[in-house]
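This report goes through selected features of a structure model. The sequence and the coordinates come first, followed by the strands, a metal site and a surface patch.

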Amino acid sequence: MAASFERARLYSEPNGKGMQLTTHGSLGDLTMYNFNNKMDSVYQSGLWIYYEHPAYNAMPGYAVVMYGDRVSANLPEGYSNIVSSVRLVKSSHDGYKDLITLYSGTGFAGQELITGVSRGSLDYMADQVSSLIVIGSSPWTIYSDYNYSGQQACVYPSTDYYVNDDGEVVYFGLYVNMTSVGFLDNSIQSVLKGCSFWSRNEKQ
Ligand SMILES: [Ca+2]
Ligand SMILES: [Ca+2]
């Protein structure tokens with residue numbers, strides 16, 4: 001399965017040099033691995049987010065999204081020696097490959113809720129969503145009320161893509177905040193897989 005290949009090997013120096021730390025999943029506090037504020041480069045497969053602060057920027061900070069399979073890269077300028085947590089954006093979950101991941105903070109910060117199926121309510125994430133990532137081949141409809149009602153907008157896996165180890169093209173869409181889709185911050189209460197209409201906001 002492609003998911004098993006998702007990994008990130010962090011290096012404390014540029015160009016894959018220095019100390020290293022390999023993970024197959026999210027790490028909320030690199031201090032626990034003696035790697036806080038040390039990262040300079042990475043060898044990775046999948047879609048990963050690197051955060052300035054612990055707990056995926058529990059306090060506001062920088063974050064950088066990097067993607068691709070078996071890619072080596074240095075962190076962008078300004079991100080050297082600041083990363084304190086790393087998060088994997090899963091490309092499969094509970095057997096599903098068309099996913100939407102919701103985040104409580106802008107810039108993919110804070111708590112997350114991932115689903116491959118429609119959700120008429122969002123539990124702890126109701127009225128909390130401030131950013132989201134769509135991955136796979138399906139768009140999603142977001143709603144301002146429970147059970148697919150209220151204001152609605154479509155979000156798409158159309159920002160970019162990479163080719164994974166299985167030769168599959170993995171499409172995804174990054175929505176760093178909600179204003180980009182005409183939604184108020186913290187106003188999503190349900191999500192539906194698929195999109196059968198154009199956003200009302202786009203017609204206004
Ligand atoms: Ca830091
Ligand atoms: Ca929020």
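How many bridges join strand β9 to β10? In this predicted model, strand β9 (residues 140-145) and β10 run antiparallel and are joined by five bridges. Within this pair, Thr141 has Cys154 of β10 as its bridge partner.

**Sheet and hairpin**

The pair belongs to an open sheet of three strands, ordered β10-β9-β13, with antiparallel pairing. β10 (149-155) and β13 are the edge strands; each has a single partner strand, so one side of each has no neighbour in the sheet. From one strand to the next, the twist averages 25°.

Antiparallel pairing is also found for strand β1 (residues 7-13) with strand β2 (residues 17-23), again over five bridges. Here Leu10 is matched with Leu21 in β2 as its bridge partner. Three residues lie between the strands of this hairpin, and Asn15 takes a positive phi near 60° there.

**Calcium site**

Which residues coordinate the calcium ion (ligand 2)? The donors are Ser104 (O), Gln128 (O), Ser130 (OG) and Asn186 (OD1), at 2.2 to 2.4 Å. Along the sequence these donor residues follow the spacing S-x23-Q-x1-S-x55-N. Gln128 sits in the loop between β7 (109-115) and β8 (131-135), while Asn186 sits in the loop between β12 and β13 (190-193); the pair therefore ties together parts that are 58 residues apart in sequence.

**Surface patch**

Tyr161, Val163, Val169 and Tyr171 make a nonpolar surface patch of about 370 Å². Two strands, β11 (160-163) and β12 (169-175), each supply at least two residues of this patch. Val169 is placed in strand β12.

**Accessibility of selected residues**

Is Val169 buried or exposed? Neither term applies: Val169 is partly exposed, because its relative accessible area of 39% falls between the limits of 20% for buried and 50% for exposed. Two of the calcium donors, Gln128 and Asn186, are also listed below.

| Residue | Relative accessible area | Class |
|---|---|---|
| Val169 | 39% | partly exposed |
| Gln128 | 36% | partly exposed |
| Asn186 | 33% | partly exposed |

For Gln128, the donor atom to the calcium ion (ligand 2) is O, and for Asn186 the donor atom is OD1. Val169 is one of the residues that make the nonpolar patch.

Key:
Residues numbered from 1 in each chain as written. Chains lettered and ligands numbered in written order. Predicted model: local features only at pLDDT ≥ 70, side-chain atom pairs only at ≥ 80, totals over all residues. Heavy atoms only, no water. Patch = residues over 30% accessible without salt bridge, like charges linked within 9 Å, V, L, I, M, F, W, Y side chains within 5 Å. Areas by Shrake-Rupley, 256 points an atom, 1.4 Å probe, with all protein chains shown as cover. Salt bridge = Lys/Arg side-chain N within 4 Å of Asp/Glu carboxyl O. Helix = DSSP H or I, 4+ residues; strand = E, 2+ residues; numbered from the N terminus. Buried < 20%, exposed > 50% of the residue type's maximum accessible area, 1.4 Å probe, protein only. Donors = N, O, S within 2.8 Å, 3.2 Å for Na, K, Ca; no water. Pairing = 2+ DSSP bridges. Axes fitted to C-alpha atoms, helices over the stretch in contact; angles between N-to-C directions.
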